[in-house]
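Hi,

Here is the structure I promised to pass on to you. Have a look at it first, and then read on for what turned up.

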Amino acid sequence: HFGDLNYRIDGDNKDLRALVANKDYRKLLKDDQLLKERQTNSLLQTFHEGKLRFDPTYRYDKNTDNYDTSKKHRAPAWCDRILFSRDCATKKELYRDAHGGDDARAALPLHYSRPHSHFSDHRPIMALYRVQVIKTSSDKKAMARK
């Protein structure tokens, strides 16, 4: 059970905005709710995320680069994330394990970023992964094609 999956950053809105303006991601991450929950949630501990080296993705005034100025005045947060987990059981089925059995390293993206967009009050994010191929047999391939 993950709760609402709408994780925020604990702290005073004004202080959080100042940390974002200074690109002090280390301090922001210290109070990130998802990272805190990963410490106690055994299922979340199997998932990994690239380094957050981009501004929080939520909540912007539409069609601007300004964080929320509505009456709710929501604090910036990384509400948009990509988490990945490599299934430990499939390692023995890999053609070649480039990560030497290290599931955490295998689950990290090669690239993790926030492209520029104004289409929403959220900012999109993207991740690029190198996913390994599982061995297959010729017989199974032939049957799958039928």
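Which residue does the side chain of D97 meet in a salt bridge? The partner is R86, with N and O 3.1 Å apart. Both residues lie in the loop between α3 and α4, so this salt bridge ties together parts that are 11 residues apart in sequence. As for burial, D97 is partly exposed, because its relative accessibility is 25% and the cut-off for buried is under 20%. R86, in contrast, has a relative accessible area of 11% and is buried.

Before you go further, please keep in mind that this is a predicted model.

That pair has company: a search of the whole structure gives 14 salt bridges. Some of them share partners, and in this way D10, K30, D31 and K36 are joined into one network.

I would also look at R59, which takes part in two of the pairs below.

- With D68, R59 forms a salt bridge in which the closest N and O atoms are 3.1 Å apart. D68 has a relative accessible area of 0%, so this residue is buried. R59 counts as buried too, because its relative accessibility is 19% and the limit is under 20%.
- With D121, R59 forms another salt bridge, the closest N and O atoms being 3.0 Å apart. This pair links distant parts of the chain, 62 residues apart: R59 sits in the loop between α3 (33-40) and α4 (103-106), and D121 in the loop between β1 (111-113) and β2 (126-128). Like R59, D121 is buried.

Now for the nonpolar side. Which members of the largest nonpolar core touch the most other members? They are I9, L28, L52, F54, W78 and Y112, out of 16 residues in this core. Two helices, α1 (13-21) and α2 (25-30), each supply at least two residues of the core. The helix that gives the most is α1, with three residues. As general background, nonpolar side chains in soluble globular proteins tend to be buried together.

If you want one residue to start from in the viewer, try I9. Leaving aside residues up to four places away in sequence, I9 touches L16, L28, D31, D32, P56, P76, A77 and W78. Two of these names, L28 and W78, also appear among the core members that touch the most others. Another of the residues touched by I9 is D31, and D31 belongs to the salt-bridge network with D10, K30 and K36.

Happy browsing, and do write back with any thoughts.

Best wishes

Methods:
Residues are numbered from 1 along each chain as its sequence is written. This is a predicted model: local features need pLDDT of at least 70, side-chain atom pairs count only at pLDDT 80 or more; totals for chains, interfaces and linings use all residues. Side-chain values use heavy atoms; hydrogens and water are left out. A nonpolar core is a set of buried Ala, Val, Leu, Ile, Met, Phe, Trp, Tyr and Cys residues joined through side-chain atoms within 4.5 Å. Buried means under 20% relative accessible area, exposed over 50%, partly exposed in between (1.4 Å probe, protein chains only). Helices (H or I, at least four residues) and strands (E, at least two) are DSSP runs, numbered from the N terminus. Contact means heavy atoms within 4.5 Å. A salt bridge is a side-chain nitrogen of Lys or Arg within 4 Å of a carboxyl oxygen of Asp or Glu.
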